[in-house]
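These are my notebook entries on what I looked up in this structure, taken one topic at a time.

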Amino acid sequence: MPSIQPLCTLTPPSASRLWSSHPHPTLPLIATASSDKTVRLYSLTSLNLESTITGGHKRSIRSCAWKPSSGVKSGESVLATGSFDASCGVWRRWETKGGIGEGGKSVGKGTEWEVLGEEGQQDEDERDFTRGLAGGAEEEDEDEDEWRFAVILDGHDSEIKSLAFSPTAPLLATCSRDKSVWIWEELEDDNFETVAVLQEHDGDVKCVAWSPVEELLVSGSYDNAIRVWREDVDDWACCGLLEGHKGTVWWVEFEGADRFGKVGTRASDSLSPEQQDLLEARTKAGPRIISCSDDLTIRIWKRVPKEVKEQPTGQGKMPSIWKNRDFEEEWVQECVLPKAHERAVYAVSWSRKTGRVVSTGSDGKVVVYEERWRGQVDGNGDSAMADATVVAGSADGAKNDSTGSLAEWVVIAEVENAHDVFEVNHVVWAPRADKGKASDDEEVMVTTGDDGEVKVWLLND
């Protein structure tokens, strides 16, 4: 039976509550949003603090997000921060492959070649990066290793709760306690233009996430609803409403681009015709959405593909300019994961490599789930945990579309009191990069808590 084992606590911890941690898309770094108005950047190689970004916000930084193109290949890393001061900051740092310094050590911070300092510890590097803004002159030439506070985005009336860069377009989404979702388009020279202000939620908007394969945005709210947004001609609008949760939706996320259309790890040529049909249907529908809530549930939603109807020859009509009938989408609840939490579920993370899901929340638990073909056992010949039962639908009246008896989600491992008596605010999968890494595909789980600690965990199969 798999088990969750602690690897380490990233050092040093913070003296303040930490909200969430976000792995860099290409480098062994993780950015942690803190209530002390800073972002702490830890190295996943040395497992120590690399630097602290400070000076950009007047209140707690609630969330942060990396631009997907960040890294050595693009030449820079870009990080957006969302704060309780209702503003969004955009930070930039040049990235190179790193020059080889004395003793053959890399001196390029944040690169794949990052190493420890002379004493086996990396210096905590804390600076105010806003001193060069608004025409202020720098006293010395800009260090290419420094983070630069490029621009501040104002518009929300209240605290920003979440933000996300689109992987398919130059777009940034932010959401707020003011019940709105804003979409910004990145232009040249650190300019961002507001392209949409979406105000259909009836409560505090807690989270936003982009599809990995198209310009499709999803948001979750205090109003218990999940909304799906896309551009319709010249404006953005809600194209789908996902209802089923009975409490605040704390987190939403899309399935990884390389994972949809897959179940477990069994080779496709060993599947039955029915199993292959299910995977083909999933591929046609596109990435699924996962959500978690105050109602203690984790739900998975799928899109119902539209049937393309051919018009009879000679009977074609001009499309209506008043309504785009192809704009609206139908999303249905596919399943509810096995109940494992006793209090609100704050975050889930869907592994882009294995398809496994990890969750955490107010009860301090960290739980790992796996989707399997029904009747499948793990590599040790064990079936799922005895108390883990798949819920292919639900009895709460929500609209469901069960996968029937073909696939099921099971709990494969869990740990209690991950941060002692403190709530765990966030969990995320990240590539393993420390010296104990056994393979390029190895992952760790990173949890962030009210105790100011960022902990790294291993799933031992």
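I began with S46 and asked whether this residue is buried or exposed. S46 has a relative accessible area of 15% and, because the cut-off for burial is under 20%, I entered it as buried. The model is a predicted one, and I kept that in mind for every value below. S46 is found in the loop between β4 (39–43) and β5 (49–54), where its side chain reaches the backbone nitrogen of N48 at 3.3 Å. I also looked up its separation from L29, which is 17 residues apart from S46 along the chain, and the two C-alpha atoms are separated by 9.9 Å.

Next I turned to T38, which is found in the loop between β3 (29–34) and β4. T38 counts as buried because its relative accessibility is 5%. Which side chain makes a polar contact with that of T38? The side chain of D36 does, at 2.6 Å. Leaving aside residues up to four places away in sequence, I listed T32, A33, T52, I53, T54 and I61 as the residues that T38 touches.

I then wanted the outline of the whole chain. The protein chain holds 1 helix and 29 strands, and of its 461 residues 55% are buried. Among contacts between residues at least 6 apart in sequence, 62% join residues at least 24 apart.

For the sheets, I took up the open one whose 4 strands follow the order β6-β7-β8-β10, with antiparallel pairing. Which strands form its edges? They are β6 (61–66) and β10, each of which pairs on one side only. From one strand to the next the twist averages 25°. Within this sheet, strand β7 (residues 76–83) pairs with β8 in the antiparallel sense over 7 bridges, and I noted that E76 has W94 in β8 as its bridge partner. W94 came up again when I checked charges over rings, for the charged end of R148 sits over the ring of W94, 4.3 Å from its centre.

A search of the whole structure for aromatic pairs finds 7. I looked up W91 and F149, whose ring centres are 4.1 Å apart and whose planes lie at 10°, so the pair is stacked. W91 belongs to strand β8 (residues 88–94) and F149 to strand β10 (residues 148–153), so this pair ties together parts that are 58 residues apart in sequence. Both W91 and F149 are buried. I set beside it the aromatic pair of W210 and W236, which is edge-to-face, with 5.9 Å centre to centre and 85° between the planes. W210 lies in strand β15 (residues 205–210) and W236 in strand β18 (residues 235–242), so the pair ties together parts that are 26 residues apart in sequence. W210 and W236 are both buried as well.

My next entries concern strands further along the chain numbering. Why did I record strand β26 (residues 407–415) as largely enclosed by the rest of the structure? I did so because 8 of its 9 residues are buried. Strand β25 (residues 366–373) runs antiparallel to β26, and 8 bridges join them; V366 has V415 as its bridge partner in β26. Strand β27 (residues 424–431) is mostly covered, with 7 of its 8 residues buried. It is joined by 7 bridges to strand β28 (residues 443–449), and the two run antiparallel. In that pairing I found H426 opposite T448 in β28.

I closed with T360, a residue of strand β24 (residues 357–361). T360 counts as buried because its relative accessibility is 0%. A polar atom of the T360 side chain lies 2.7 Å from the backbone oxygen of K365. Not counting residues up to four places away in sequence, T360 touches H341, V345, Y346, A347, K365, V366, V424, H426 and V427. Two of these names were already in my entries on bridges: V366, the partner of V415, and H426, which stands opposite T448.

Terms used. Residues numbered from 1 in each chain as written. Predicted model: local features only at pLDDT ≥ 70, side-chain atom pairs only at ≥ 80, totals over all residues. Heavy atoms only, no water. Buried < 20%, exposed > 50% of the residue type's maximum accessible area, 1.4 Å probe, protein only. Polar contact = N/O pair within 3.5 Å; in protein donor to acceptor, adjacent residues only side chain to side chain. Contact = heavy atoms within 4.5 Å. Phe/Tyr/Trp six-rings, centres within 6.5 Å; stacked < 30°, edge-to-face > 60°. Lys NZ or Arg CZ within 6 Å of the ring centre and 35° of its normal. Pairing = 2+ DSSP bridges. Axes fitted to C-alpha atoms, helices over the stretch in contact; angles between N-to-C directions.
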